[in-house]
Amino acid sequence: MEVDDALRMMRDPLGAPFYPQVFQVLLVITWVIHIFFVTLAVGASVSTIWGFRRGGEYELRLARSTARLTPSAVGLGIVTGIAPLLFLQTIYDPIWYASNALTGFWSVIFILVVASGYTCAYVFYLKGSPEGRLLWTSVAGLVLLLLAGWIMHVLASVSIRPEQWRQWYAPDGVADTRGIQFHAANAGRVTFLLPLQGALSVAIAGLVYTWYRSKRADADREFLTWVAARARRVGIVASLLYSAAGVWWGLTEGAEMKVGIEVTVTLGALGLALAAFFALHRNPVAIGPRAIAAWFGSLAVVAVVREVIRSSALAEFGYRVADYPFRVDWGSVAMFGVTSVVGVSIIVYLVLVLYQAGLRSADQATISLRVDRFGRVATGMLGAWFGFFLLVGLYAVLVLK
Ligand code: HEM
């Protein structure tokens, strides 16, 4: 059987429940959110370890904040990873399941790696961060996060090289079912996506933090100016390296997948544009909102580039998302749509509460009447939606059997 036939036949025979291109767009959007949080966790871990090793007054203050940020970012990264996974499994099931099987050992222990990484980061924040004890837990957490990112990278890399699967599964004709070998990787891609995006995500978080904190009457402006200057410096250096790693990725994997020029030029220019952004803002304390908008815009470009590479790699074998069979299932679409509206409303409510409450010290924190009213509507919708699910479950169990 040819690779083209295998890919076609491994698709879900029921087809996708909606237009496949819509899933592709959702995959790109949700991956941006996922990669922001996981790379933020990586960057925040490094900042924590650096701060406690350096030991100056400001370094320690910053390290305690990033120690607190790390487990939250890991948690959000894990939760937001589920969304792109859902869309990936819907339109790229043949390649995703094949790469998970070929890397079986690592995909099975992946959850353990992620859970242990989270636990280490949490233990350090809870037990070690006030005095800087147990720093090894923070280091172990960082190592585990990097391992998780590496596994993700290998899974993505194996998935876009279907012509090699047979050789990897049965080298010299003998099946190797351990799934322990990392069969494919691209050093430029992983350097770009993991450590460098980690540095940029934490630099952006630093700028958002200083912008937000400077709104408070009791703000320590000297400390905030120090944090913003550090974030800007990290941003400039990391962006230049980001540009170089982007070119490296484009000239290697990009060229292999026949989109070398497009990837090289786009990612090289993206890194330089980011470096210019950081360099031109000489007073970075107030640029938080602009910085995060620029960073999400950049991550969206990267997400599209990943998609272009994957599409070009698979087009070689006649696999196109647009050709994925589908049958619109309005029940699933309605469930998905309402759940999204309810979920996003609750998240917006929580973000607004955190934003408004943090503008004053803990004993004076309040939220506006409008946010309170919005919260009542959002939680009411959530309660109603839970009730509806319960009724559907009871109907399925008692009536449909
Ligand atoms: C917490 C540790 C994690 C880290 C550091 C991490 C990092 C990464 C990185 C670097 C990539 C891009 C790989 C590449 O394109 O080469 C990626 C992709 C992805 N991650 Fe994560 N991830 C983590 C956890 C998770 C979890 C828990 C899930 C699922 C629940 C998840 C779902 C995904 C998905 C679906 C992709 C896209 C894969 C593709 O498009 O081929 N990740 N992740």
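This section describes the domain division, a helix pair and the ligand surroundings of a predicted model.

The domain assignment of the chain gives two parts: domain 1, formed by 3-172 + 182-328, and domain 2, spanning 333-401. Their C-alpha centres are separated by 28 Å. Contact between the two involves 7 residues of domain 1 and 5 residues of domain 2. On the side of domain 1 that touches domain 2, 4 residues are nonpolar and 3 are charged, with no polar residues.

Helices α2 and α6 pack with their axes 10 Å apart, at an angle of about 150°. Since angles over 145 degrees count as roughly antiparallel, α2 and α6 are therefore assigned to that class. The crossing of α2 past α6 is left-handed. The contact between α2 and α6 comprises 11 nonpolar and 5 polar residues, and no charged residues. From α2, the residues involved are Val-38, Ala-41, Val-42, Ser-45, Val-46, Thr-48, Ile-49 and Phe-52. These meet Leu-135, Ser-138, Val-139, Gly-141, Leu-142, Leu-145, Leu-146 and Gly-149 in α6.

The ligand is surrounded by 24 residues, of which Gly-81, Ala-148, Gly-149, Met-152 and Ala-156 come nearest. Gly-149 is thus listed both here and among the α6 residues that meet α2. At least two residues of the shell are supplied by each of α2 (20-54), α3 (57-91), α6 (135-159) and α8 (187-213). The largest share, 8 residues, comes from α3. By class, the shell around the ligand consists of 16 nonpolar, 6 polar and 2 charged residues.

Technical notes: Residues are numbered from 1 along each chain as its sequence is written. This is a predicted model: local features need pLDDT of at least 70, side-chain atom pairs count only at pLDDT 80 or more; totals for chains, interfaces and linings use all residues. A residue is near a molecule or strand if its C-beta atom, placed from the backbone, lies within 6 Å of it. Helices (H or I, at least four residues) and strands (E, at least two) are DSSP runs, numbered from the N terminus. Ala, Val, Leu, Ile, Met, Phe, Trp, Tyr, Cys and Pro count as nonpolar, Asp, Glu, Lys and Arg as charged, and the others, Gly among them, as polar. Axes are lines fitted to C-alpha atoms, for helices over the stretch in contact, and angles run from 0 to 180 degrees between N-to-C directions. Angles under 35 degrees count as roughly parallel, over 145 as roughly antiparallel, 65 to 115 as roughly perpendicular and the rest as oblique. A crossing is left-handed if the near helix is turned anticlockwise from the far one by less than a right angle, and right-handed if clockwise. Domain bounds come from an automatic or database domain assignment.
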